[in-house]
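Here's a walk through one model, with an eye on helix packing and charged pairs. Have the coordinates open while you read.

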Amino acid sequence: MKSVFHELEFPLPHIRLAGWEHGCMARDGIKQDSTQTAAEGQNKPLVLALHGWLDNAQSFAPLAASLNDVRLMAIDWPGHGMSEHRAGHYPLHWIDYLFDLHAVLQFLKARGDSPKAIIGHSLGGIVASAYVAAHPDACEKLVLIEALGPLSERPGKCQQRLADSFASHWSLNAKNAGGDKPKAYSSLEAVIEARHRLTGLNKAACELILARNFEYRSDGEMPGWYNKTDPRLKLDSPLRLTPAHAEAFIRDLEMPTLLLMGEQGFAKLHEALEHARPLYRQLQVQTIKGDHHLHMTDPDGAADAIRHFLSTCG
């Protein structure tokens, strides 16, 4: 018997999502699907992990290995990793993820499971904070990694944002209709090197994420590694909340909340903290070594902080 990663599928009413669960004990060769509840390890609390923009469930793999006293379940958001893309060719919006999360939680509830806590990194934290503020019974505790709440901008930018978003999406649709071929990479190593140079994220972490976002295709005119990620994710949404609207989403959030920030994390998060702090009734803040992906670069430090929070607070 050993602790393993079980690949999961979530056949939700509107889309099929993928993910995995770690922390249950299972025999070699036995694969669990999301309609089952593992008998072994079921005494461990379930923690649901929500990844950031352009990442996938594998961004939580290092944390899962360190946080081995819980059942950590991580999903791939739509258009990421092994999950389906949203249907259609229209622009995407962050608020769609709120319904995805609601559907996942209802799916788990139907199988007799519910998370003790939700962990959200970056985009995942944005979604989780807004959701639990409106659904305080979704879990007992919230962990935010380099995230505070919905993104916002002043209302005066709305006209230009709408025009730019529609123009970029129309251009993408025209390229697809014109038969533009997706780019093929000769090796996954080349993709890893490119992301490492662009983001500064170490290569081991880049490889974990990219190996799930890319696939090798040997058929067709150009064999190579192809990005499975929905290209619309890289385009601007047509609307962003105003500061007042964003604050209203999370104002008076009563759930015990832990915010983990990296010493080299996003500077704007540090700047926004004092303004956002009064919106949370029970907010604890801890800064640990690492950057925006601190749960990957310092999983032991992140796990220690989360473990202490889950066991002693609230």
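What follows covers one helix, then the salt bridges, then a buried serine and two cysteines. Keep in mind that this is a predicted model.

**Helix α5 and its two sides**

Let's start with α5, which runs over residues 188-199 and has 12 residues. From the first C-alpha to the last, α5 reaches 17 Å, close to the 16 Å expected at 1.5 Å a residue.

Which residues of α5 are buried? They are Leu188, Val191, Ile192 and Arg195. These four sit on the same side of α5, because they cover an arc of only 100 degrees around the axis. The general helix geometry is handy here: with 3.6 residues a turn, residues three or four places apart point the same way. On the face of α5 turned away from the buried side you'll find the exposed residues Glu189 and Arg197.

And what do the buried residues of α5 pack against? Their partners are α6 (203-213), β7 (214-217) and β8 (224-227). Just after α5 comes Gly200, with a positive phi of about 85 degrees.

**Salt bridges**

Searching the whole structure turns up 19 salt bridges. Here are some of them, with the N to O distance for each.

| Pair | Distance |
|---|---|
| Arg195 and Asp55 | 2.7 Å |
| Asp113 and Arg71 | 3.1 Å |
| Lys203 and Glu193 | 2.7 Å |

Take the Arg195 and Asp55 salt bridge, where the side chains meet at 2.7 Å. This pair links distant parts of the chain, 140 residues apart: Arg195 belongs to helix α5, while Asp55 is in the loop between β3 (46-50) and α1 (61-66). Both Arg195 and Asp55 are buried. So Arg195 turns up twice in this story: it is among the buried residues of α5, and it is a salt-bridge partner of Asp55.

Next comes the salt bridge of Asp113 with Arg71, whose closest N and O atoms are 3.1 Å apart. Again the pair links distant parts of the chain, with Asp113 in the loop between α2 and β5 (117-121) and Arg71 in strand β4, 42 residues apart. Are these two buried or exposed? Asp113 counts as buried because its relative accessibility is 5%, and Arg71 is buried too, with a relative accessible area of 2%.

The third pair, Lys203 and Glu193, has its closest N and O atoms 2.7 Å apart. Lys203 lies in helix α6 and Glu193 in helix α5, so the salt bridge ties together parts 10 residues apart in sequence. Lys203 is partly exposed, with a relative accessible area of 42%, and Glu193 counts as partly exposed at 23%. There's a network as well: salt bridges with shared partners join Glu21, Arg71, Arg111 and Asp113.

**Ser83 and the cysteines**

Ser83 is placed in the loop between β4 (71-75) and α2 (96-110). Ser83 counts as buried because its relative accessibility is 7%. What does the side chain of Ser83 reach? It gets to the backbone oxygen of Asp76, at 2.7 Å. Leaving out residues up to four places away in sequence, Ser83 touches Arg16, Leu17, Ala18, Asp76, Trp77 and Pro78.

How many disulfides does the structure hold? Zero. As for cysteines, Cys139 counts as buried at 8% relative accessibility, whereas Cys158 counts as partly exposed at 39%.

How values were computed. Residues numbered from 1 in each chain as written. Predicted model: local features only at pLDDT ≥ 70, side-chain atom pairs only at ≥ 80, totals over all residues. Heavy atoms only, no water. Helix = DSSP H or I, 4+ residues; strand = E, 2+ residues; numbered from the N terminus. Expected span 1.5 Å × (residues − 1). Buried < 20%, exposed > 50% of the residue type's maximum accessible area, 1.4 Å probe, protein only. Arc of directions from axis to C-beta. Contact = heavy atoms within 4.5 Å. Polar contact = N/O pair within 3.5 Å; in protein donor to acceptor, adjacent residues only side chain to side chain. Salt bridge = Lys/Arg side-chain N within 4 Å of Asp/Glu carboxyl O. Disulfide = S-S within 2.5 Å.
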